[in-house]
Amino acid sequence: MKLFLILFLLFIVQGTVMTVFSPEWFGYHIPMIPHFIMVTVLFIAFFVNRGQALKYGIIFGFMIDLVYTTVLGVYAFCIGLTAYILSYLTKAFHMNIYVVLFVCMFGVSLLELEVYSIYSLIGMADQSFSNFVKWRLPPTAILNGVFAVIVFYPLRRFLETVETDSSEE
């Protein structure tokens with residue numbers, strides 16, 4: 001239940017953080033999309049298990065679809081798929097802060113590319129691919145990478161206790 005509440009709080013924060021800390025307040029027109037749910041779901045995949053990550057990715061992806069988009073299921077599918085695929089990296093790498101930072105930035109970029117591709121296929125993408133890659137993808141990856149670094153130690157510690165608690169039951 002604690003994990004669900006943390007994800008729900010992040011769901012609310014990710015929808016409000018850029019209205020408060022937007023670069024447009026400072027005169028910059030840089031689209032930075034917070035994907036704090038995606039980063040946290042990746043942490044769940046790395047430090048708990050991929051089944052939990054898939055479940056939370058689909059649930060909160062669907063919530064993102066309901067609140068922020070007009071097409072249902074895109075984020076639910078993409079967050080779950082990305083977390084599931086990237087969870088296999090835990091077998092190949094020791095998940096220290098550098099690896100997690102890189103994988104989270106890669107995961108957010110992959111999520112953005114998946115969503116952009118689906119929206120392009122259905123004719124809802126509002127910018128060209130070159131502008132997307134040039135102006136939206138790097139700032140979004142950096143923002144979420146900074147978030148991953150900030151929450152790495154406390155979230156990893158919390159998730160390791162969640163894993164211990166679930167294995168004891």
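**Checking the labels**

User: What makes the pairing of the threonine 69 side chain with the backbone oxygen of valine 71 a polar contact?

Analyst: A polar atom of the threonine 69 side chain lies 3.2 Å from the backbone oxygen of valine 71. A polar contact is a pair of N or O atoms within 3.5 Å; within protein, one must be able to donate a hydrogen and the other to accept it, and residues adjacent in sequence count only if both atoms are side-chain atoms. The 3.2 Å pair is inside that cut-off, so the label fits.

User: And what are we looking at here?

Analyst: This is a predicted model: local features need pLDDT of at least 70 and side-chain atom pairs count only at pLDDT 80 or more, while totals for chains, interfaces and linings use all residues. Residues are numbered from 1 along each chain as its sequence is written, and side-chain values use heavy atoms, with hydrogens and water left out.

User: Where does threonine 69 sit, and why is it called buried?

Analyst: Threonine 69 is in the loop between α3 and α4. Buried means under 20% relative accessible area (exposed is over 50%, partly exposed in between; 1.4 Å probe, protein chains only). Threonine 69 comes out at 19%, so it counts as buried. Its side chain also reaches the backbone oxygen of aspartate 65 at 2.9 Å.

User: How do you know what threonine 69 touches?

Analyst: Contact means heavy atoms within 4.5 Å. Not counting residues up to four places away in sequence, threonine 69 touches Ile64, Tyr75 and Tyr119.

User: What about aspartate 65: buried or exposed, and how do you know?

Analyst: Aspartate 65 has a relative accessible area of 0%, so it is buried. Its place is in helix α3, residues 50-68. Setting aside neighbours within four places in sequence, aspartate 65 is in contact with Val71, Leu72, Gly73, Val74, Tyr75 and Ala76.

User: What ties aspartate 65 to alanine 76?

Analyst: A polar atom of the aspartate 65 side chain lies 3.2 Å from the backbone nitrogen of alanine 76. The two residues are 11 apart in sequence, and their C-alpha atoms are 7.1 Å apart in space.

User: How do you know how many disulfides there are?

Analyst: A disulfide is a pair of cysteine sulfur atoms within 2.5 Å. The sulfur of cysteine 78 is 17 Å from the closest cysteine sulfur, in cysteine 104, which is too far for a bond. So the count for the structure is zero. As for burial, cysteine 78 has a relative accessible area of 1% and is buried; cysteine 104, also listed at 1%, counts as buried.

User: Why is one group of residues called a nonpolar core, and which members touch the most others?

Analyst: A nonpolar core is a set of buried Ala, Val, Leu, Ile, Met, Phe, Trp, Tyr and Cys residues joined through side-chain atoms within 4.5 Å. The largest one here has 49 residues, with Phe43, Phe46 and Leu159 touching the most other members. Helices giving two or more residues are α1 (2-20), α2 (36-47), α3, α4 (74-86), α5 (97-121) and α6 (129-168). The largest share, 11 residues, comes from α2. Leaving aside neighbours within four places in sequence, the contacts of phenylalanine 43 include Val100, Cys104, Phe152 and Leu159.

User: How do you know what secondary structure the protein has?

Analyst: Helices (H or I, at least four residues) and strands (E, at least two) are DSSP runs, numbered from the N terminus. On that basis the protein has six helices and zero strands.

User: What makes you call the protein compact?

Analyst: Its radius of gyration is 16 Å, close to the 15 Å that the globule rule gives for 169 residues, so it is as compact as a globular protein of that length. The radius is taken over C-alpha atoms, and the rule is 2.2 Å times the number of residues to the power 0.38. Of the 169 residues, 45% count as buried. Among contacts with a separation of 6 or more, 73% join residues 24 or more positions apart.

User: Which residue pair shows such a long reach along the chain?

Analyst: Leucine 3 and phenylalanine 158 are 155 residues apart along the chain, yet their C-alpha atoms are separated by 8.9 Å. Leucine 3 lies in helix α1 and, at 5% relative accessibility, counts as buried.
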